[in-house]
Amino acid sequence: MSRFQLDDLLDLATRVKGKRPGQVLGGKTLGMLFFQPSLRTRVSFEVGMQQLGGHCINLSSDDLYDLEPNEQAVMDGPAEEHVKDAARTLSRYVDALGIRAAARTSTWERDRQELLLRSYAEHSSVPVINLETVFEHPCQALADVLTMRENLITMQGRKLTLMWCNHPEPKSLGPTHSVLQLASLMGMDVTLAHPLGFEVDDEVLQRSRAAAEEAGGAGRVVNDMQAGGKGAEVIYARSWGCTKYWDDPERESIVKRSFQDWRVDRELMALTDDAMLMHPLPVRRNVAATDEVLDGDRSRIYDQAANRAHVQKALLMQLLK
Ligand code: CP
């Protein structure tokens, strides 16, 4: 996405939020495939489509055959259907497809390739929307930059910290990667704060740094929570997984035991420049962040969730109108 395309989409989302556009997608159908649970993504797309006059069909992994994403596979294993056939068939029924991929399935090197999503995108003749993979969560990040823009007004040089926080389960890197990239594209001054061993994908990091510098922003990494909090205007809390131990969650869990104090609380927020607090939800209360800050007056967590519907309506209008 270029900066121009991003601004254009956010401007449309702002207009859609202010005044409902009516039944502009009457007769259109969005098919959504969920290989993971969802509350916000599923409901915000369903409500958004309904408000635009269209409707959604939802399928979960229980409804679908096991799918084979690899080209020229000899399908003598558990997969009953190739993604190519599912994608081409669904394209005859629906006007767009949304896909939430499974969580960890393999090594990081393999999972970062988003094989299922990319296979659908290749073989579908309708637009395919990423509803979250382990590598990216672009719809969440679009809602997040809209929320930041509403609060900060100007984005260039504003100080955002993507703060790793503790979580009992191994988490994806999707929201972190996507927010990092879009905030950098907007020229924000982005700090990644995480313990050693929880580095983000190097390709995403380098791409984001280059985008930030081109847009008049900056990027840096710190391995200290307090250093990450100091002077921040936005604290974006989220846990993410260890790519080194991606296929060994027990090892990751042992590593994380030393980092249980990585929790956003009043003391951390006091180091910031009166930062607003963001989290994409669902959140582990009093593990990732305390009740006090999540429910405090600088918290924007429900605004982020609400903006999912507005920004996705804008996206659907651009794709389908
Ligand atoms: N933030 C987000 O994508 O929420 P869900 O997992 O509930 O869809």
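Where does I153 lie? I153 is found in the loop between α6 (138-152) and β7, and we will come back to its backbone further down. Before going on, please keep in mind that this is a predicted model. The briefing starts with the ligand, which lies between domain 1 (3-136 + 308-320) and domain 2 (138-304). It then moves to the aromatic pairs, of which the structure holds six, and ends with single residues and backbone features.

**The ligand and its shell**

- Ten names make up the surroundings of the ligand: S38, L39, R40, T41, R100, H137, Q140, P280, L281 and R308.
- By character, the residues of this shell divide into three nonpolar, four polar and three charged.
- Both domain 1 (3-136 + 308-320) and domain 2 (138-304) give residues to the shell, and therefore the ligand lies between them.
- From the backbone side, an N or O atom of L39 lies 2.7 Å from an oxygen atom of the ligand.
- From the side-chain side, R100 places a polar atom 2.8 Å from an oxygen atom of the ligand.
- R308 also takes part, with an N or O atom in its side chain 3.2 Å from an oxygen atom of the ligand.
- The ligand taken alone exposes 260 Å², and the protein buries 94% of that.

**Aromatic pairs around W164**

- The structure holds six aromatic pairs, and two of them are described here.
- As a reminder for reading the values, a pair of aromatic rings is described by the distance of the centres and the angle of the planes.
- In the pair of W164 and F198, the ring centres are 4.8 Å apart and the planes stand at 50°, so this pair is tilted.
- W164 belongs to strand β7 (residues 159-164) and F198 to the loop between β8 (189-193) and α8 (202-214), so the pair ties together parts that are 34 residues apart in sequence.
- Are W164 and F198 buried or exposed? Both W164 and F198 are buried.
- W164 pairs with F259 as well: the centres of these rings are 6.3 Å apart and the planes are at 85°, so this pair is edge-to-face.
- The pair of W164 and F259 links distant parts of the chain, since strand β7 holds W164 while F259 sits in the loop between α10 (249-256) and α11 (266-270), 95 residues apart.
- Like W164, F259 is buried.
- Which residues form one aromatic cluster? The cluster consists of W164, F198, F259 and W262.

**Single residues and their surroundings**

- E114 is located in the loop between α4 (108-111) and α5 (115-123).
- The relative accessibility of E114 is 5%, so E114 counts as buried, the cut-off being under 20%.
- The side chain of E114 makes a polar contact of 2.6 Å with the side chain of T133.
- T243 has its place in the loop between β10 (234-238) and α10.
- With 24% relative accessibility, T243 counts as partly exposed.
- T243 and F198 are 45 residues apart along the chain, and their C-alpha atoms are separated by 7.2 Å.
- Helix α9 (residues 225-229) contains G229, and at 0% relative accessibility G229 counts as buried.
- From G229 to A193 the C-alpha to C-alpha distance is 8.3 Å, while in sequence the two are 36 residues apart.

**Backbone features to look at**

- Most residues other than glycine have a negative phi, and most peptide bonds are trans.
- The peptide bond from L281 to P282 is cis, with omega near 0°.
- P282 is placed in the loop between β11 (276-278) and α12 (291-294), and L281 is one of the residues that surround the ligand.
- Q72 is not a glycine, yet its phi is positive, at about 60°.
- The loop between β3 (67-68) and β4 (81-82) holds Q72, and Q72 is exposed, with a relative accessible area of 79%.
- I153, the residue of the opening question, has a positive phi of about 65° although it is not a glycine.
- The relative accessible area of I153 is 65%, so I153 is exposed.

Methods. Residues are numbered from 1 along each chain as its sequence is written. This is a predicted model: local features need pLDDT of at least 70, side-chain atom pairs count only at pLDDT 80 or more; totals for chains, interfaces and linings use all residues. Side-chain values use heavy atoms; hydrogens and water are left out. A residue is near a molecule or strand if one of its heavy atoms lies within 4 Å of it. A polar contact is a pair of N or O atoms within 3.5 Å; within protein, one must be able to donate a hydrogen and the other to accept it, and residues adjacent in sequence count only if both atoms are side-chain atoms. Accessible areas come from the Shrake-Rupley method with a 1.4 Å probe; for residues, only the protein chains shown count as cover. Ala, Val, Leu, Ile, Met, Phe, Trp, Tyr, Cys and Pro count as nonpolar, Asp, Glu, Lys and Arg as charged, and the others, Gly among them, as polar. Domain bounds come from an automatic or database domain assignment. Rings of Phe, Tyr and Trp (its six-membered ring) pair if their centres lie within 6.5 Å; planes under 30 degrees apart count as stacked, over 60 as edge-to-face and the rest as tilted. Helices (H or I, at least four residues) and strands (E, at least two) are DSSP runs, numbered from the N terminus. Buried means under 20% relative accessible area, exposed over 50%, partly exposed in between (1.4 Å probe, protein chains only).
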